[in-house]
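Biologist: I am new to this structure and would like to go through it step by step. Could you take my questions in turn and show the reasoning behind each answer?

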Amino acid sequence: MGAQVEPLGEKEIEERLAELPGWSVEDDLLRRSYHFPGHLPAAVMVMHIARIQEELDHHADLTLGYNRLTVAVNTHSIGGRVTDLDFGLARRIEEIAGAHGAH
Ligand SMILES: C[C@H](O)[C@H](O)[C@H]1CNC2=NC(N)=NC(=O)C2=N1
């Protein structure tokens, strides 16, 4: 059960974060907050992320506020560490963010 993935080391995490402005790793969670022009665009992006998550079989914690959405993810199957699965999801989310008015 679960993906055979390894936790990333500090240097590997730094290399990957350098390609993902706005994202950070803290307490073994890869995270970013997005801001939106209003509530509905933020909520629509939640649904779009949900579709991507089902496609990848990898799921973040999504916290929806009024005009803010926070994404936080690590890999449960190896005990909650940051892996390439998390960065893969983050890159996919970045690809769609602009189209939802997120910044
Ligand atoms: C059975 C299913 O593949 C696993 O439970 C998947 C689902 N989504 C997941 N999401 C995350 N973030 N970590 C996981 O280990 C994980 N495992």
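Biologist: Does A102 count as buried or exposed?

Modeller: Please keep in mind throughout that this is a predicted model. A102 lies in the segment that follows α3. Its relative accessibility is 14%, and since a residue needs to be under 20% to be called buried, A102 counts as buried.

Biologist: Which residues does A102 touch, leaving aside those up to four places away in sequence?

Modeller: One of the residues concerned is far off along the chain, for A102 and H35 are 67 residues apart in sequence, while their C-alpha atoms are separated by 5.4 Å. With residues up to four places away left out, the residues that A102 touches are Y34, H35, F36, M45 and A97.

Biologist: Y34 appears among those contacts; with which residue does Y34 form an aromatic pair?

Modeller: The structure holds 1 aromatic pair. Its geometry is edge-to-face, with 6.4 Å from centre to centre and 80° between the planes. The pair links distant parts of the chain, since Y34 belongs to strand β2 and its partner, 11 residues apart from it, sits in the loop between α1 and β1. The residue that pairs with Y34 is W23.

Biologist: What is the relative accessible area of Y34?

Modeller: Its partner W23 is buried, with a relative accessible area of 6%. Y34 is likewise buried, and the value for Y34 is 1%.

Biologist: Turning to helix α1, which of its residues are buried, and where do they lie on the helix?

Modeller: Helix α1 spans residues 10-18, and its buried residues are I13, R16 and L17. Seen down the axis of α1, these buried residues fall within an arc of 100°, so they line one face of the helix. On the other side of α1, K11 and A18 are exposed. The buried residues are therefore I13, R16 and L17, and their place is one face of the helix.

Biologist: Which elements are included in what covers the buried residues of α1?

Modeller: The cover includes two strands, β1 at residues 24-26 and β2 at residues 29-35. It also includes a helix, at residues 84-97, and that helix is α3.

Biologist: How are α1 and α3 oriented to each other, roughly parallel or roughly antiparallel?

Modeller: The two helices pack at an angle of about 5°, and their axes are 11 Å apart. Because angles under 35 degrees count as roughly parallel, α1 is to be described relative to α3 as roughly parallel.

Biologist: How do the residues of the contact of α1 with α3 divide into nonpolar, polar and charged?

Modeller: From α1 the contact is made by I13, R16 and L17, and from α3 by D84, F87 and R91. Sorted by class, the residues of this contact are 3 nonpolar, no polar and 3 charged.

Biologist: Where is D27 found, and what is its phi?

Modeller: Most residues other than glycine have a negative phi. D27 is not a glycine, and yet its phi is positive. At 72% relative accessibility D27 counts as exposed. D27 is found in the loop between β1 and β2, and its phi is about 50°.

Biologist: How far apart in space are D57 and L89, C-alpha to C-alpha?

Modeller: D57 is found in the loop between α2 and β3, where, at 61% relative accessibility, it counts as exposed. Phi of D57 is also positive, near 50°, in a residue other than glycine. D57 and L89 are 32 residues apart in sequence, and their C-alpha to C-alpha distance is 9.7 Å.

Definitions and conventions: Residues numbered from 1 in each chain as written. Predicted model: local features only at pLDDT ≥ 70, side-chain atom pairs only at ≥ 80, totals over all residues. Heavy atoms only, no water. Buried < 20%, exposed > 50% of the residue type's maximum accessible area, 1.4 Å probe, protein only. Helix = DSSP H or I, 4+ residues; strand = E, 2+ residues; numbered from the N terminus. Arc of directions from axis to C-beta. Contact = heavy atoms within 4.5 Å. Phe/Tyr/Trp six-rings, centres within 6.5 Å; stacked < 30°, edge-to-face > 60°. Axes fitted to C-alpha atoms, helices over the stretch in contact; angles between N-to-C directions. Parallel < 35°, antiparallel > 145°, perpendicular 65-115°, else oblique. Nonpolar A, V, L, I, M, F, W, Y, C, P; charged D, E, K, R; others polar.
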